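Student: I have a protein model open in front of me, and I would like to learn how to read its rings and pockets step by step. Could we go through it together?

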Amino acid sequence: MAIPFGIIETLAKEHDSFYVYSEAEIEKSISALKRCFTGADILYSIKCNPNKNVLNAVFSRGLGADAASAAEVFAAREAGVSPKDIFYSAPGKSDGDIISTLHECVLIADSLDEVSRIDALLQARSERMNIGLRINPNFTFASDNGAASKFGTDESDTIAFLRENPCRNARISGIHIHLKSQETDAEVLARYYKNVLALARRIADEFGPLEYVNMGSGIGVQYTDAAASLDLDVLGAATAGEYAALNARYPSTRLIIETGRYAVCKSGIYISRVMGRKMSHGKTYIILKNTLNAFMRPALARMIFKYCNECSPAGSEPLFSGADAFEFIAPYPERPCETVTLAGNLCTACDTMAEDITLPRVERGDIVLITNAGSYAAALSPMQFSSQGAVPEIFITKDGKVI
Ligand SMILES: *Cc1c(COP(=O)(O)O)cnc(C)c1O
């Protein structure tokens, strides 16, 4: 485990439930990414964990920002990221979102309608600006045909628009593509990058060099020991030549990849106190503090797994990463094991994180640890539900300082 158990034990004396994030683990993941993507800049997707200390840890290591809202643009600015390294890409931006971030980031329009709207806003302000466009390409991770999407502009419409070139003050100078998260097959990812770069080259050949090609994410993490693990060395080796080829033709074009989870997922652990035990019809329930409300995904995974008759449905990121994407640890290896159901203190039966799992026996006052809590965990949980309030997020620096 990334965080020494002694630190967790000490913190658990003060808090019934809390997150801990490890800077050392964030550093390890970012180093691995940098080794793999030597020819590309890396953006951190703030939405997966916007904790201030996490942002500082990530951005102080030279990553740029993938912002999903105006507030995330400002969070990145506050963490010291310069506007040219903040890419704001999201559907449904308001005029206020656009105007307030115009000079704080690189704006990526999500639709042609938005391009026209940005153009009109710029005309009204007598400004000219380069912007990016998110494209929905004629391929997916699984096929050489495109698929309908709420994101981006279909490739054919994009090309037609660029040919028509109707904008006066906004110029499309970069492209963004992001189709899928949590892919652990290096060859599938490599084929995807190759397709993105081929499209970038076709666009650049017809319309002139692009400032940047943001290839999006897809980089998967290994949620459990049994799950497949993405081999970053294989991915790095398979893509280096592709980057070099585009860069040889267009030396000024910046290649970019994005990731949220790979940078921070493994850095986080959620800790929850055992508030009580009970038996019902032969089943042992462990009642934990702040589960569904503070770390929603394990309970959601449990619910989906149940509704599909215990099959193993494909992930639906980031809400559902699979039936088995977390490890539950009772840190008392010397005790005898028992079969338990982990439920929470909310007044809903949905508040169940794990059913009939084997753990060392826990008593009221003990703690249970849940792994993979660094991404889409605190940020994705309904902490207002049943008026429980937010749980603390504690950051452990590389030299062991507790913030
Ligand atoms: C959420 C998101 C990401 C990050 O996805 P991860 O699976 O956490 O790496 C990257 N790009 C875009 C456009 C996103 O919306």
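Student: Over the ring of which residue does the charged end of R335 sit?
Tutor: Please keep in mind that this is a predicted model. An arginine counts as sitting over a ring if its CZ atom is within 6 Å of the ring centre and within 35 degrees of the ring normal. The charged end of R335 lies 3.9 Å from the centre of such a ring, and that ring belongs to Y332.

Student: Which residue has K93 over its face?
Tutor: Here the charge comes from a lysine, and the distance to the ring centre is 5.2 Å. The ring that K93 lies over is that of Y88.

Student: How is the aromatic pair of Y19 and Y21 classed?
Tutor: A pair of aromatic rings is described by the distance of the centres and the angle of the planes. For Y19 and Y21 the centres are 6.0 Å apart and the planes make an angle of 25°. Planes under 30 degrees apart count as stacked, so the pair of Y19 and Y21 is stacked.

Student: Are Y19 and Y21 buried or exposed?
Tutor: The word buried is used for a relative accessible area under 20%. For Y19 that area is 0%. Taking the two tyrosines together, both Y19 and Y21 are buried.

Student: How many residues apart in sequence are the parts that the pair of Y19 and Y270 ties together?
Tutor: The rings of Y19 and Y270 form a tilted pair, with 4.6 Å from centre to centre and 50° between the planes. Y19 belongs to strand β1 (residues 17-22), whereas Y270 belongs to strand β11 (residues 268-280), so the pair links parts whose separation in sequence is 251 residues.

Student: Which residues form one aromatic cluster with Y19, Y21 and Y270?
Tutor: A search of the whole structure finds 11 aromatic pairs, and the pairs of Y19 with Y21 and of Y19 with Y270 are among them. The cluster that holds these three tyrosines is completed by two phenylalanines, F295 and F326.

Student: Which strand gives the most residues to the lining of the largest pocket?
Tutor: The largest pocket holds about 790 Å³ of space. Its lining has 36 residues, and R134, F151, H178, L179 and K180 are the closest to its centre. With 3 residues, the element that gives the most to this lining is strand β6 (residues 129-136).

Student: How many nonpolar residues are in the lining of the second largest pocket?
Tutor: The second largest pocket has a volume of about 620 Å³, and 32 residues line it. By class, this lining has 7 polar and 9 charged residues, and its nonpolar residues number 16.

Methods:
Residues are numbered from 1 along each chain as its sequence is written. This is a predicted model: local features need pLDDT of at least 70, side-chain atom pairs count only at pLDDT 80 or more; totals for chains, interfaces and linings use all residues. Side-chain values use heavy atoms; hydrogens and water are left out. On a 1 Å grid over the protein atoms alone, a cavity is a set of points where a 1.4 Å probe fits but cannot get out, and a pocket is an open set with protein on both sides within 12 Å along at least five of seven lines; lining residues have an atom within 4 Å of a point. Grid points are joined across faces, edges and corners, and a volume is the space filled by probe spheres set on the points. Helices (H or I, at least four residues) and strands (E, at least two) are DSSP runs, numbered from the N terminus. Ala, Val, Leu, Ile, Met, Phe, Trp, Tyr, Cys and Pro count as nonpolar, Asp, Glu, Lys and Arg as charged, and the others, Gly among them, as polar. Rings of Phe, Tyr and Trp (its six-membered ring) pair if their centres lie within 6.5 Å; planes under 30 degrees apart count as stacked, over 60 as edge-to-face and the rest as tilted. Buried means under 20% relative accessible area, exposed over 50%, partly exposed in between (1.4 Å probe, protein chains only).
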